[in-house]
Every structure is written in C-alpha cells, then in structure tokens.
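Here is a set of questions on one protein chain. Please look over the sequence and the model before reading the answers.

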Amino acid sequence: MDQQNRVGSKFGGGGIAGANEAGVDRRERLRKLALETIDLAKDPYLLRNHLGGLECRLCLTLHTNEGSYLAHTQGKKHQTNLARRAAREATDSSVYQSQLLAQQAAAQRLAPKKQFLKIGLPGYQATKIKDPESGQLGLLFQIFYPEIKPDSIPMHRFMSAYEQRIEAPSRDHQYLLIAAEPYQTIAFKVQSREIDHQPGKGWKHFDPDTKTYSLQFLFV
C-alpha cells in the first residue's frame, strides 16, 4: 500500500501518522519533559529492586528504566491512583480530626480543669526520726495551712528525680510533694531509698483545728 501518496501527506514524508505512532510520539515527548522537570529522588512511590529495575509502589507495576517509569507516572492509571490515594487520606484525616475533637470534648466534660488563685508556699517543719524498736530512720513533716480551702485535705506523693525538670536528675534522690488549695505545691528532696509501707510504719493526719498536716514515714 502506498503510504507516501495518501491524501494530506507530503511527498517523501512517509505518510500521515496513525493513532499508534501518535501515541508513541506523545509518550516520548512526555517522558523527555518529565525527565527535565521531575526529581525521581523525591518520588515516594519509586522503588529500585535488586535486579536494577524500577517499581511503582502505588500501582504495583514494573519498569525497565527511568523513562518508562516517568511515562507511567504521566499515564491515566497512575494519575487515577494518585487521586484515589489523596481522597482516601483526606477522608482518614477528617475522621481522625473528628475523633480527636470528640475525645477532647469528652475529656473536658468529664474532668474540667480546676481554676484557683495560689497564695504562696505554706510554712513547714521537717524532723529526722528513728524508730526505737527497729532502729529504722525516717522523717516527720509538719505543714501549716492557716488559710486552707474549706473541706480541703492536703495530699502527698513521692516523685522520681527523673519526673521533674527543675534540677539535674540524680538516682540518689527522690521528691516528696505535698499539695493543698489554695497554696502552691511544696516539694522536699529526700534520699532515694525504699519507703516502708507496712502497717504501723508510717502515718498521716490533718488537724482541722490547727490546720496542720503531719506526715511520717520510715525507710526500709
């Protein structure tokens, strides 16, 4: 069949290109353009396998060289999968944000943050003691709260040196924290030794008349 003398063709030009030839030419032009504008090192879906080939992790396709992979990224399949991935990520993000907001709202309803004006540190007295029977050493703390909030009872807890951010942490010390509204929390640095929690080895008491909180404990 004479391709050179077809209607609309130029003499010696090989005839009008068909759909296949036009597709090949279009893909080649897209490949060259992509090589100039796309940095493959930043493509999150490009994977180089042990055989030296390229894989698209989004579409699960194999490619022999970079040009083939770039042509694939400009194709309908890859672009469709990109759109689907973006839509799915947007949906997941929206669901996550909704769940997070719901959790925060529920937390605020269940445990509203207390707001009160702190009036400073309370007075205190610390005394070293020794159990006359066992010979265990310990400490007795007396904290004075003359303006304590009505119906409020002081609370205490022991804190590891690695929980605080005021001093450099040391395994040789721990902290005793005592708090009562509206006073600021007071902390004592004590030896990092095990506290004896057996019955009769320690006690605490708040006297509402003198408004004094007493706490005694023994080391093991």
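Q: Is K211 buried, exposed or partly exposed?
A: The model is a predicted one. K211 has a relative accessible area of 29%. Buried would need under 20%, and exposed over 50%. Because 29% falls in between, K211 is partly exposed.

Q: Where does K211 lie, and what is its phi?
A: K211 sits in the loop between β9 and β10. This residue is not a glycine, yet its phi is positive, at about 55°.

Q: Is D151 buried or exposed, and what is its phi?
A: D151 belongs to the loop between β5 and β6 (155-160). Its relative accessible area is 83%. The cut-off for exposed is over 50%, so D151 counts as exposed. D151 is not a glycine, but its phi is positive, at about 65°.

Q: Which peptide bond is cis at P182?
A: P182 lies in the loop between β7 and β8. The bond that leads into P182 has an omega near 5°. The cis bond runs from E181 to P182.

Q: In what order do the four strands of the open sheet lie, and which strands stand at its edges?
A: The strands run in the order β4-β5-β10-β9, with antiparallel pairing. Neighbouring strands are turned by 10° against each other on average, direction ignored. Two strands pair on one side only. These edge strands are β4 (123-130) and β9 (203-207).

Q: How many bridges join β5 to β4, and how many join β5 to β10?
A: Strand β5 covers residues 137-144, and β10 covers residues 212-218. Both pairings are antiparallel, β4 with β5 and β5 with β10. The count is eight bridges for β4 and β5, and seven for β5 and β10.

Q: Which residues stand opposite G138 in β4 and in β10?
A: G138 is a residue of β5. On the β4 side, I129 stands opposite G138. In β10, the bridge partner of G138 is L218.

Q: How many residues separate β4 and β5 in their hairpin, and which turn residue has a positive phi?
A: β4 and β5 form a hairpin with six residues between them. One residue in the turn has a phi of about 80°. That residue is G135.

Q: Is Q136 buried or exposed, and which side chain makes a polar contact with it?
A: Q136 lies in the loop between β4 and β5. At 13% relative accessibility, under the 20% cut-off, Q136 counts as buried. Beyond four places in sequence, its contacts include I129, K130, L218 and F219. The polar contact, of 3.0 Å, is with the side chain of D196.

Q: Which residues of the largest nonpolar core touch the most other members?
A: In soluble globular proteins, nonpolar side chains tend to be buried together. Here the largest nonpolar core holds 18 residues. The elements giving two or more residues to this core are β5, β7 (173-179), β8 (186-191) and β10. The members that touch the most others are F141, Y145 and I178.

Q: Which residues does I178 contact beyond four places in sequence?
A: I178 is one of the three core members touching the most others. Its contacts beyond four places in sequence are I143, Y145, M155, H156, T185, I186, F188, Y213 and L215.

Q: How many residues form the second core?
A: This core is separate from the largest one. Its members include L40, L46, C56 and L58. The number of residues is nine.

Q: Why do β1 and β3 each have one side left without a neighbour in the sheet?
A: Three strands form an open antiparallel sheet in the order β1-β2-β3. The twist averages 30° from one strand to the next. β1 (46-48) and β3 (61-63) stand at the edges, so each has a single partner strand.

Q: Which helix packs on the sheet that holds β1, β2 and β3?
A: β1 pairs with β2 (residues 54-56) over three antiparallel bridges. In this pairing L47 stands opposite E55. The packing helix touches β1, β2 and β3, and its direction makes about 15° with that of β2. The helix is α2 (residues 66-73).

Q: Which residues does UniProt list for "domain: Matrin-type"?
A: In the model, this span is 55% helix and 19% strand. Its end C-alpha atoms lie 22 Å apart. The UniProt entry is unreviewed, and it lists residues 54-84.

Definitions and conventions: Residues are numbered from 1 along each chain as its sequence is written. This is a predicted model: local features need pLDDT of at least 70, side-chain atom pairs count only at pLDDT 80 or more; totals for chains, interfaces and linings use all residues. Side-chain values use heavy atoms; hydrogens and water are left out. Two strands pair if DSSP finds at least two bridges between them. Axes are lines fitted to C-alpha atoms, for helices over the stretch in contact, and angles run from 0 to 180 degrees between N-to-C directions. UniProt positions are given in the numbering used here, feature names are shortened, and annotations may be inferred rather than shown by experiment. A nonpolar core is a set of buried Ala, Val, Leu, Ile, Met, Phe, Trp, Tyr and Cys residues joined through side-chain atoms within 4.5 Å. Buried means under 20% relative accessible area, exposed over 50%, partly exposed in between (1.4 Å probe, protein chains only). Contact means heavy atoms within 4.5 Å. A polar contact is a pair of N or O atoms within 3.5 Å; within protein, one must be able to donate a hydrogen and the other to accept it, and residues adjacent in sequence count only if both atoms are side-chain atoms.
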